[in-house]
Amino acid sequence: MSDWPQGHNGGDRHGRGSTGAEPEGARVMRQVQRGSGAGPRPSAPSRGVPPQPTYTDGYGEDAYDGYNTGQVYGSPGGGGPQEPPGGHGRGPRPAPNWRKRIKWTAITVVTVLVVVSVGTYFWADSKLKREVDLSKVIDRPDGGEGTNYLIVGSDSREGMSAEEKKKLHTGSAAGKRTDSMMILHVGDNGNTMISLPRDSNVTIPTFKGSESGKTFPGTGRQVKLNAAYAEDGPELLVRTVEANTGLRIDHYAEIGFGGFAKIVDAVGGVEMDIPKAFKDDKSGADFKAGKQTLNGEQALAFVRTRYAFAGSDLDRTKNQQKFLAALASQTATPSTILNPFKLYPTMGAGLDTLTVDKDMSLWDLASMFWAMKGITGGDGKSMNMPISGNAGNGNLQWDTAKVKTLVNQLKNDEKVTVSGN
């Protein structure tokens, strides 16, 4: 029995087949092992392996073409492809162009601000209730320098629930009256805020009805100033103020009870320094002396109280001026203007209940608030309409001479030297 494993076709131990002839592959391999020759290694006769060229180094050892097991493809010195100098491979990352980045960031920020500002303007402009038509006011005095606003706080309960009326101590009277009236003059020589007491004695002039268009001749009838508003609304009030002062009113702005309280709450309350404690059951006021922050309900009670003061309506008008100026000052601050979570609720609360004349723009409205803010900071003057005494019907009589001087100074946009009560 042969010592060779099966599968050699009975060949001998030298690899010879049964025919006695030595296979060509075996012969070549044997020559290489003996170092007796050099030349290309013949391809394997089978197994589908492609021919691999090889050389001997003259010492009986194969010399492969730089491709051995000690090298890794792609590593230095290896057989893998090497990136030539100056090739197209990834080079060092270029330094960022900060000038270009800053430029496009600035353009983006400005674009966003413009879009937001324009959107806010049209949103706010659409909410303004332009319902007062000053073109219906007849026999108007000539205009002067600067701009004159008639600012009115009415006791309108429009949109208020029974619970809100009870909470704010407004009562449920039908119709509308006005508890506060002010003339705000905005000019180049300082701004002036003049309170018109609701009990001021005035003469109702000839006027045209705001709804009927009918002309009602003046009869010399003397009433309290707030009666003009109750009789025919804002148009007759403007007509009465102009006829009794000779000062032309350029714009009209009115806010009701509910809107006033909502604005105060939207800005987070208004800080006031109350010099003396007072209490009034009719308005719901109950304040201690000192600095304190008033919410909407407290603010409304503060500006409506008159029975707790010796000067009654005159003292109330001073508190109204003081509070409105403080409100305007707090509203026009960066913490409100730059904070959308405060700005939009504040604007929404005010615009929803603010009634203005048909020619009032948002710029006019902003000018009005900025002027009120300036008066708080000392850039202007606040006063009551000069009073000479008590009229025979119990109303407050204006000081005719002082009022004439005051109106002339406002018309000419001069510094106001007249003092009020």
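Trainee: Which residues does F260 touch, not counting residues up to four places away in sequence?

Mentor: With residues up to four places away in sequence left out, F260 touches I255, A299, L300, V303, F323, L324 and L327. Contact means heavy atoms within 4.5 Å. Keep in mind that this is a predicted model: local features need pLDDT of at least 70, side-chain atom pairs count only at pLDDT 80 or more, and totals for chains, interfaces and linings use all residues. Residues are numbered from 1 along each chain as its sequence is written, and side-chain values use heavy atoms, with hydrogens and water left out.

Trainee: Which residues have the most contacts inside the largest nonpolar core?

Mentor: F260 is one of them, together with L184, F302 and F323, and that core has 44 residues. A nonpolar core is a set of buried Ala, Val, Leu, Ile, Met, Phe, Trp, Tyr and Cys residues joined through side-chain atoms within 4.5 Å. Buried means under 20% relative accessible area, exposed over 50%, and partly exposed in between, with a 1.4 Å probe and protein chains only.

Trainee: Which helix gives the largest share of this core?

Mentor: Helix α10, residues 362-376, with six residues. Helices (H or I, at least four residues) and strands (E, at least two) are DSSP runs, numbered from the N terminus. There is also a second, separate core of 35 residues, which includes I204, A228, M383 and V403.

Trainee: Back to the F260 side of things. At what angle do α5 and α7 pack?

Mentor: Helix α5 (residues 257-266) packs on helix α7 (residues 313-331) at about 45 degrees, and their axes are 11 Å apart. That angle makes α5 oblique to α7. Axes are lines fitted to C-alpha atoms, for helices over the stretch in contact, and angles run from 0 to 180 degrees between N-to-C directions. Angles under 35 degrees count as roughly parallel, over 145 as roughly antiparallel, 65 to 115 as roughly perpendicular, and the rest as oblique.

Trainee: Is that crossing left-handed or right-handed?

Mentor: Left-handed for α5 and α7. A crossing is left-handed if the near helix is turned anticlockwise from the far one by less than a right angle, and right-handed if clockwise.

Trainee: And which residues meet there?

Mentor: F260, I263 and V264 come from α5, facing F323, L324 and L327 of α7. By class, that contact has six nonpolar residues, no polar and no charged ones. Ala, Val, Leu, Ile, Met, Phe, Trp, Tyr, Cys and Pro count as nonpolar, Asp, Glu, Lys and Arg as charged, and the others, Gly among them, as polar.

Trainee: How do the axes of α6 and α7 cross?

Mentor: At roughly 140 degrees, coming within 7 Å. So α6 is oblique to α7. A299, F302, V303 and R304 in α6 meet R316, N319, Q320 and F323 in α7. That contact divides into four nonpolar, two polar and two charged residues.

Trainee: New topic: what about α2 and α9, at what angle do they cross?

Mentor: Roughly 25 degrees, for helix α2 (residues 98-127) and helix α9 (residues 340-353), whose axes come within 9 Å. The two are therefore roughly parallel to each other. On the α2 side the contact is made by V116, T120, W123, A124 and K127, and on the α9 side by Y344, M347, G348, L351 and D352. Six of the residues in the contact of α2 with α9 are nonpolar, two polar and two charged.

Trainee: Now the loops. Where is S312 found?

Mentor: In the loop between α6 (296-304) and α7. S312 has a positive phi of about 50 degrees although it is not a glycine. Its relative accessibility is 27%, so S312 counts as partly exposed. D139 also has a positive phi, about 50 degrees, without being a glycine. D139 lies in the loop between β3 (129-132) and β4 (147-154), and at a relative accessible area of 58% D139 is exposed.

Trainee: Is S210 buried or exposed?

Mentor: Buried, with a relative accessible area of 9%. S210 sits in the loop between β8 (207-208) and β9 (215-216). Leaving out residues up to four places away in sequence, S210 touches K136, D232 and E235.

Trainee: Last one: how far apart are L410 and N148 in space?

Mentor: They are 8.8 Å apart, C-alpha to C-alpha, with their positions 262 residues apart in sequence. L410 lies in helix α11 (residues 400-411), and at 2% relative accessibility L410 counts as buried.
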